[in-house]
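Work through the exercises below with the model open. Each task is followed by a stepwise solution.

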There are 2 protein chains.
Amino acid sequence: MPPPDHSNVVSITHLRQTCRSCSLRELCLPLGLDNDDMQKLEDIVHSRGPIRPGEHLFREGDSFHALYAVKTGALKTYTIDNQGREHVLGFHLGGELVGLDGIHSGHNRCNAVALQNATVCAVPFSRLEQLSREVPGLQAQILRVMSREISASAQLATEHSADERLAGFLLSLSRRFRRRGLVANLITLPMPRRDIASHLRLATETVSRLFARFQEEGLVAVRRRDVEILDLPALEKLGEALDLDGDGRSRRSPQTR
Amino acid sequence: MPPPDHSNVVSITHLRQTCRSCSLRELCLPLGLDNDDMQKLEDIVHSRGPIRPGEHLFREGDSFHALYAVKTGALKTYTIDNQGREHVLGFHLGGELVGLDGIHSGHNRCNAVALQNATVCAVPFSRLEQLSREVPGLQAQILRVMSREISASAQLATEHSADERLAGFLLSLSRRFRRRGLVANLITLPMPRRDIASHLRLATETVSRLFARFQEEGLVAVRRRDVEILDLPALEKLGEALDLDGDGRSRRSPQTR
DNA sequence: CGAGTACTTGACCCAGATCAAGCCATGTGG
DNA sequence: CCACATGGCTTGATCTGGGTCAAGTACTCG
């Protein structure tokens with residue numbers, strides 16, 4: 001483990017003082033920016049107070065004017081198709097962006113609703129576009145984030161068995177928990193089974209049965225929304241056919257070819 | 001129908017002269033750019049000679065340095081998972097971009113192979129990034145294209161019956177043919193059944209049977225790779241649950257809400 | 001403590017997969 | 001010009017992963 005990075009701690013404290021309501025440091029957007037550029041970014045965003053579970057951040061068809069960075073809590077995005085069926089497109093944890101799919105049409109293409117109490121930063125898109133012209137690192141990061149989202153949703157669209165999909169999903173959550181500094185093998189699911197099922201194109205009952213089977217096989221210990229990963233290698237063996245984070249982690253490293 | 005735009009025709013001719021090998025005008029990227037900016041874009045791209053069917057444009061793991069705009073012909077992108085199964089991620093016709101998913105990791109995340117004889121423009125990514133800082137319209141267009149790709153692949157990842165998926169796929173192809181100035185109801189499929197099946201998470205046999213049923217029901221006339229759409233409204237009724245182009249065409253218009 | 005919601009478990013069913021021929025273009029060599 | 005191979009496509013028979021339907025059970029929150 002590397003030694004604690006005190007310079008980092010100090011600047012976080014500093015930023016907390018200049019912008020109490022919204023430290024961007026943990027978010028995906030400013031990755032690779034220096035403090036100066038960070039400040040410019042902070043100047044254009046504004047924090048949006050607590051969103052209660054079930055409360056919507058935006059709805060499909062709303063005119064698009066901002067991206068949202070999740071600070072705390074969790075959201076899901078979904079659409080309702082013309083038969084009235086709900087499709088869960090994704091889940092958004094702390095540090096992740098919501099709303100990228102609205103850029104193209106100028107209208108939000110999905111609904112975003114809080115699963116738990118959540119706080120977000122609104123990033124006005126026109127100002128982000130403008131700023132990203134001045135700050136090359138920001139432009140590059142936006143493109144990376146969007147590219148990653150493309151990989152990830154293309155992966156989700158591929159054909160895999162139910163257990164591969166659930167295993168891949170748990171691994172993805174685990175990695176995202178770790179990125180936020182939480183214990184990677186102790187997940188508290190922010191969403192009900194029904195939403196997991198919809199996201200993975202399964203029936204709620206199938207998700208329930210798979211959790212039971214994974215537990216039986218000693219892969220995980222499940223109790224309601226708490227999932228402990230017991231046998232990571234076995235879970236990875238199942239789930240590595242997918243790469244739900246779009247980051248290539250599950251593949252043999254390309255540069256070693 | 002609007003009167004023909006002669007100024008446009010003239011400038012296409014002009015550009016053909018200055019850059020015989022690769023007119024970007026029909027490609028998706030320069031939409032909304034003026035002639036001056038277009039020229040700057042043309043200056044950084046370079047044409048890449050004919051790619052024969054089965055020949056690869058790039059492979060998974062190759063280091064990423066350019067996007068590719070398809071000029072003529074058609075490509076497919078696919079991955080091979082760790083079980084050796086092929087997954088077709090998408091098809092790319094004239095005027096469409098390939099390779100956006102490689103930006104994030106600096107390596108191509110999929111394989112791209114020609115389905116027919118194809119010609120492409122290579123757009124060196126670092127120069128595109130640089131140019132898009134100078135030309136705001138270009139930056140905006142890149143973001144729109146990527147956003148649209150996110151919507152589209154999220155849609156493909158949703159759960160729909162086999163006939164909804166195939167209908168949605170045919171409609172998507174039809175629209176893309178029309179955008180290229182071809183007859184929208186007369187499609188020549190550039191890919192074999194196997195690839196359509198893989199892309200839509202179906203078995204080849206199911207695709208074949210669905211074509212037979214669609215024909216029986218008078219929706220289409222199919223003969224080998226030639227598909228004529230006979231009953232567009234009926235096909236749309238089936239396929240509009242999906243929105244494989246990510247452009248919201250199939251939804252009740254958001255601004256009328 | 002009662003009502004509602006999330007979750008689980010069992011029995012049965014079906015859309016679409018798999019297996020197995022056969023068909024039909026196109027190409028190739030004799 | 002014709003065997004006959006080859007690969008894409010179709011069609012039929014059968015099978016099965018996961019869906020649906022139907023009870024329960026267990027938290028959670030007034």
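**Exercise 1. Find the element that gives the most residues to the surface near DNA strand C.**

Solution.
- Step 1. Note that the model is predicted.
- Step 2. List the elements that give two or more residues to this surface. They are helix H6 (193-199) and helix H7 (204-216) of chain A, together with helix H7 (204-216) of chain B.
- Step 3. Pick the top contributor. H7(A) gives the most, with four residues.
- Step 4. Classify the residues of the surface. Five are nonpolar, three polar and nine charged.

**Exercise 2. Determine which residues come nearest to DNA strand C, and which atoms of the strand lie within 4 Å of the protein.**

Solution.
- Step 1. Collect the residues around the strand. There are 17.
- Step 2. Extract the nearest ones. These are A:Arg193, A:Ser208, B:Ala162, B:Thr206 and B:Arg209.
- Step 3. Turn to the strand. Of its atoms within 4 Å of the protein, 63% belong to sugar or phosphate, and the rest to bases.
- Step 4. Inspect the phosphate oxygens. One lies 2.7 Å from a backbone N or O atom of A:Arg193. A polar side-chain atom of A:Ser208 is 2.6 Å from a phosphate oxygen. For B:Arg201, a polar backbone atom is 3.2 Å from a phosphate oxygen.

**Exercise 3. Describe the contact between chain A and chain B.**

Solution.
- Step 1. Count residues. Chain A supplies 55 and chain B supplies 55.
- Step 2. Take the buried area. It is about 4800 Å², and carbon and sulfur atoms give 54% of it.
- Step 3. Count salt bridges between the chains. There are four. A:Arg109 forms a salt bridge with B:Asp243, with the closest N and O atoms 2.9 Å apart.
- Step 4. Count polar contacts. Between the chains, 26 residue pairs are in polar contact, both residues at pLDDT 80 or more.
- Step 5. Break down the side of chain A that touches chain B. Strand E4 (75-80), strand E5 (86-92), H3 and H4 of chain A each supply at least two residues. The largest share, 16 residues, comes from H4(A).
- Step 6. Classify that side. It divides into 17 nonpolar, 19 polar and 19 charged residues.

**Exercise 4. Identify the buried residues of helix H3 of chain B and what they pack against.**

Solution.
- Step 1. Locate the helix. It spans residues 125-134.
- Step 2. Select its buried residues. They are B:Phe125, B:Leu128, B:Glu129, B:Leu131 and B:Ser132.
- Step 3. Find their partners in chain A. These are helix H3 (125-134) and helix H4 (136-156).
- Step 4. Add the partners in chain B. These are helix H2 (35-44), strand E3 (66-72), strand E8 (118-124) and helix H4 (136-156).

Technical notes: Residues are numbered from 1 along each chain as its sequence is written. Chains are lettered from A and ligands numbered from 1 in the order in which they are written. This is a predicted model: local features need pLDDT of at least 70, side-chain atom pairs count only at pLDDT 80 or more; totals for chains, interfaces and linings use all residues. Side-chain values use heavy atoms; hydrogens and water are left out. Buried means under 20% relative accessible area, exposed over 50%, partly exposed in between (1.4 Å probe, protein chains only). Contact means heavy atoms within 4.5 Å. Buried area is the accessible area (1.4 Å probe) that two parts lose on being put together, summed over both. A salt bridge is a side-chain nitrogen of Lys or Arg within 4 Å of a carboxyl oxygen of Asp or Glu. A polar contact is a pair of N or O atoms within 3.5 Å; within protein, one must be able to donate a hydrogen and the other to accept it, and residues adjacent in sequence count only if both atoms are side-chain atoms. Ala, Val, Leu, Ile, Met, Phe, Trp, Tyr, Cys and Pro count as nonpolar, Asp, Glu, Lys and Arg as charged, and the others, Gly among them, as polar. A residue is near a molecule or strand if one of its heavy atoms lies within 4 Å of it.
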